[in-house]
Amino acid sequence: MQSTLFKRLEQLKRQSRPLLDVSGGKKVLLRVVILEGGDLGELKIERSSGEDRLDQEALRLVQLAFPIPLDYALSRPQVVVRIPISYSLSSD
């Protein structure tokens, strides 16, 4: 599940790069609650990048990534994941 989510976020982040080409070297840490069906439960910023524009873009990317397909059923009603989203000026 985490691998699927991270791959999806990287894909979405690359698509948003033209909007963020002056951000350079910032990281947002998000707390994400994933419900047992793969839906997004709760989403909040745990540590800000210091730039509201990047924080809001990180929240938007995670919202776009859901629902995520689950390869197997969760053993509980929800799972909490912390997701770091980094932005830089690199051209990778």
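Strands here are DSSP runs (E, at least two residues), as helices are (H or I, at least four residues), numbered from the N terminus; two strands pair if DSSP finds at least two bridges between them. The model is predicted: local features need pLDDT of at least 70, side-chain atom pairs count only at pLDDT 80 or more, and totals for chains, interfaces and linings use all residues. Residues are numbered from 1 along each chain as its sequence is written, and side-chain values use heavy atoms, with hydrogens and water left out.

**View 1. E1 and E3 run antiparallel.** Strand E1 (residues 26-35) is joined to E3 by 10 bridges. Val 32 has Val 81 of E3 as its bridge partner. For Val 28, the partner in E3 is Ile 85.

**View 2. E1 pairs with E2 in the antiparallel sense.** Six bridges link the two strands. Leu 29 faces Arg 47 of E2. The hairpin of E1 and E2 has four residues between the strands, and Gly 38 takes a positive phi near 95 degrees there.

**View 3. Three strands make an open, antiparallel sheet.** Their order is E2-E1-E3. Strand E2 (40-47) and strand E3 (78-87) are the edge strands, each pairing on one side only. From one strand to the next, the twist averages 25 degrees (axes are lines fitted to C-alpha atoms, for helices over the stretch in contact; angles run from 0 to 180 degrees between N-to-C directions).

**View 4. Helix H2 packs on the sheet.** H2 (residues 52-65) touches E1, E2 and E3 (contact means heavy atoms within 4.5 Å). The direction of H2 makes about 30 degrees with that of E1.

**View 5. E1 is largely enclosed by the rest of the structure.** The reason is burial: seven of the 10 residues of E1 are buried (under 20% relative accessible area, 1.4 Å probe, protein chains only).

Conventions
Buried < 20%, exposed > 50% of the residue type's maximum accessible area, 1.4 Å probe, protein only.
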